[in-house]
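Please examine the following model together with its sequence. The explanation below begins with the surroundings of the ligand and then moves through the rest of the chain.

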Amino acid sequence: MWLARAFNARLIGVDFSPRALEIARRRALDFGPAGRAEFRPGSFEDTGLPAACADGVVSMDAIPFAADRAAALAELRRILRPGARAVFTAVRPLPGHPKYGAARPGWPELIRRAGLELEAEIDRPEEPGLWERLYAGLTEHEEQVRAELGPAGAEILYDEVRSADSTIYLRAASLYVARVVE
Ligand SMILES: C[S@@+](CC[C@H](N)C(=O)[O-])C[C@H]1O[C@@H](n2cnc3c(N)ncnc32)[C@H](O)[C@@H]1O
């Protein structure tokens, strides 16, 4: 929404969570007149958007959740116009992480396989500290957050907070810029 406002762009947000869509719709009202941003249900593998409709795709801390990463990147490529770029964040496990060494292709390889050109892979060394601060804040304000989210949402969130440990420092985060070759 910050980017859409800065570039005077029309924005379509896609998420499979009704709650995330509801929050985004409410939040968008802080950014400008209603109608410039819309939020639709869809998944990474099937956004429901027409082919070659997007001048750009931005995805923060989301694509690694896709059950099928190759299908997610294929869908991303399908909705981008020729020459358009996708910018997204992803993490990879480092030695010592329980998932290190799992035989699956890395993001640069997946990007190439999807028919995209990897223009940049930018390290985000600040990323683990960001999660640590977020989890510390959630712990500090647990009572208030639980009251706001209700029992079901809070349980999922605090399971994540409690299971987060030093493994957040055993992964490398990057920002990827991938372009559809014309
Ligand atoms: C960590 S949040 C990041 C959300 C947002 N980019 C932000 O920075 O606030 C990850 C989001 O990805 C969504 N998500 C996870 N798996 C998904 C999937 N398979 N298809 C669509 N959305 C998905 C979740 O519902 C959640 O809203």
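In this predicted model, the ligand is surrounded by Asp15, Phe16, Ser17, Ala20, Ser43, Phe44, Met60, Asp61, Ala62, Phe65 and Ala66. Sorted by class, this shell comprises seven nonpolar, two polar and two charged residues.

The position of the ligand can be related to the domains. The domain assignment of the protein chain gives domain 1, residues 1-42, and domain 2, residues 51-180. Both domains give residues to the shell, and the ligand therefore lies between them. The C-alpha centres of domain 1 and domain 2 are 19 Å apart.

One member of the shell, Asp61, also deserves attention for its backbone. Asp61 is located in the loop between β3 and α3, and its phi is near 50°, a positive value in a residue other than glycine. Asp61 has 14 C-beta neighbours inside 10 Å and so counts as partly exposed; a residue would need 20 or more to be buried. A positive phi near 50° is also found at Ala52, again a residue other than glycine. Ala52 belongs to the loop between β2 (37-41) and β3. Because Ala52 has 14 C-beta neighbours inside 10 Å, it is classed as partly exposed.

The strand β3 leads on to the sheet. Four strands form an open sheet with mixed pairing, in the order β3-β4-β6-β5. Strands β3 (54-59) and β5 (116-123) stand at the edges, where each has a single partner strand, so one side of each is left without a neighbour in the sheet. From one strand to the next, the twist averages 15°.

Strands of a sheet pair through backbone hydrogen bonds, in either a parallel or an antiparallel sense. Here, β4 (residues 80-93) and β6 (residues 171-180) run antiparallel and are joined by nine bridges. Within β6, Tyr176 stands opposite Phe88, and Arg171 stands opposite Pro93. Strand β6 also pairs with β5 in the antiparallel sense, over seven bridges. In that case, Leu175 of β6 stands opposite Ile122.

Which strands does helix α3 lie across? Helix α3, formed by residues 69-79, lies across β3, β4, β5 and β6, and runs at about 155° to β4. Its buried residues are Arg69, Ala72, Leu73, Glu75, Leu76, Arg77 and Ile79. The elements that cover these buried residues include the strands β3, β4, β5 and β6, together with the helix α4 (107-113).

A final stop is helix α6, residues 142-163, which contains Leu157. Is Leu157 buried or partly exposed? With 16 other C-beta atoms within 10 Å, Leu157 is partly exposed, because the buried class begins at 20. Leaving aside residues up to four places away in sequence, Leu157 touches Leu138 and Leu149. Leu157 and Arg146 are eleven residues apart in sequence, and their C-alpha atoms are 9.3 Å apart in space.

Taken together, the route has passed from a ligand lying between domain 1 and domain 2, through an open sheet of four strands, to the helix α3 that lies across those strands and to Leu157 in α6.

Key. Residues are numbered from 1 along each chain as its sequence is written. This is a predicted model: local features need pLDDT of at least 70, side-chain atom pairs count only at pLDDT 80 or more; totals for chains, interfaces and linings use all residues. Two strands pair if DSSP finds at least two bridges between them. Helices (H or I, at least four residues) and strands (E, at least two) are DSSP runs, numbered from the N terminus. Axes are lines fitted to C-alpha atoms, for helices over the stretch in contact, and angles run from 0 to 180 degrees between N-to-C directions. Two residues are in contact if their C-beta atoms, placed from the backbone, lie within 7 Å. A residue is buried if 20 or more other C-beta atoms lie within 10 Å of its own, exposed if 12 or fewer, and partly exposed in between; C-beta atoms are placed from the backbone. A residue is near a molecule or strand if its C-beta atom, placed from the backbone, lies within 6 Å of it. Ala, Val, Leu, Ile, Met, Phe, Trp, Tyr, Cys and Pro count as nonpolar, Asp, Glu, Lys and Arg as charged, and the others, Gly among them, as polar. Domain bounds come from an automatic or database domain assignment.
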